[in-house]
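Opening the notebook on a new model today. I want to look up the overall fold first, then pick through a few elements.

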Amino acid sequence: MSELVSTRIRNTAGKLGLPHLAETIREYTRRADEGKMGYLDFLDLVLSEELAVRDDRLFRQGLRLSRLPHHKTLDEYDFSFQPDLDPRKVKDLATLSFVESKANAALLGPPGVGKTHIAVALAVAACRAGYSIYFTSLDDMVRNLKAAEAAGRLTNKLGTYLRPGVLVVDEVGYQPLERAEANLVFQVISKRYEKGSIILTSNKTFSEWGQVFGDEVLATAILDRLLHHCEVISINGPSYRLKNRLKAIERETEVA
């Protein structure tokens, strides 16, 4: 390839918003020469590579905007430590069929069993698949919505929790809510109903949500919409955090 043609292609690629192609066109042509590719095979190579680069760029951007506390995957989850948890149920969720159908997923269990890890892993998988995601604790969401309501910006702030294809709501039940706060949660749940997926974690059983939301009727209304299309997984095993802490204590004791 002549330098003139190479420069022209780089300039055109830049105008088309394909910076990776502009940087790697010579590498593509080298691979084409080595593989004795025809025109269509070469075009397929270039388009496939550019699509992969674009998807990876969108994935990384999505993760940056998601507010996820970490980017752990299911491969990092120790299912052997939770023998009562069927890995197949979690891996079925990872196919994202519930996200495609705009359904929900609920992960229930005591603190430390890995609910947030699984929720984040599902969100990462959804982001990789091209869905927009957003992570929040229930407490943070309620606090932000209350502040927006007081400032007359509730409708705008609700959009933060309504726009994403997947909303992860962590730590439902750790702090009881007042009725006005619970009503804000109801607005999010009801407006997302059959329009976008929610992945939530909770240390409370659904029968205890009346206490969490300070009103049995409101809690029932929230559960009615949330559970209509919802996959529920209960994890009732030991705490990972306690396991790790005990290991640390054992190491410290051995050193001493």
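Entry 1, a backbone oddity. I started with G152, which sits just after α7 and takes a positive phi of about 75 degrees. Worth noting before going further: this is a predicted model.

Entry 2, the helix before that glycine. I looked up α7 itself, residues 138–150, and counted 13 residues. From first C-alpha to last, α7 reaches 18 Å, close to the 18 Å expected at 1.5 Å a residue. Which residues of α7 are buried? I got L138, M141, V142, L145 and A148. These buried residues lie on the same side of α7, because they cover an arc of only 130 degrees around the axis. Next I checked what the buried residues of α7 pack against, and the list came back as β2, α8 (154–162), β3 and α9 (179–192).

Entry 3, a glutamine in α9. I picked Q187, which has its place in helix α9. Is Q187 buried or exposed? Its relative accessibility is 18%, and the cut-off for buried is under 20%, so Q187 counts as buried. I then left aside its neighbours within four places in sequence and found Q187 in contact with L154 and L158.

Entry 4, the sheet. I traced the strand order as β2-β3-β4-β1-β5, an open sheet of five strands with parallel pairing. The edge strands are β2 (133–137) and β5 (230–234), each pairing on one side only. From one strand to the next, the twist averages 10 degrees. I also asked what packs on the sheet, and one helix I found there is α11 (residues 216–227), which touches β1 (104–108), β4 and β5. The direction of α11 makes about 105 degrees with that of β5.

Entry 5, one strand pair up close. I zoomed in on β3 (residues 166–172) and β4 (residues 197–202), which pair in the parallel sense over five bridges. For V172 I looked up the bridge partner in β4, and it is S202.

Entry 6, whole-protein numbers. I tallied the secondary structure at 12 helices and five strands. Of the 256 residues in the protein, 42% are buried. How much of the contact list is long-range in sequence? Among contacts between residues at least 6 apart, 78% join residues at least 24 apart. Last, I pulled the accessible surface, about 14700 Å², with 52% of that belonging to carbon and sulfur atoms.

How values were computed. Residues numbered from 1 in each chain as written. Predicted model: local features only at pLDDT ≥ 70, side-chain atom pairs only at ≥ 80, totals over all residues. Heavy atoms only, no water. Pairing = 2+ DSSP bridges. Helix = DSSP H or I, 4+ residues; strand = E, 2+ residues; numbered from the N terminus. Axes fitted to C-alpha atoms, helices over the stretch in contact; angles between N-to-C directions. Contact = heavy atoms within 4.5 Å. Expected span 1.5 Å × (residues − 1). Buried < 20%, exposed > 50% of the residue type's maximum accessible area, 1.4 Å probe, protein only. Arc of directions from axis to C-beta. Areas by Shrake-Rupley, 256 points an atom, 1.4 Å probe, with all protein chains shown as cover.
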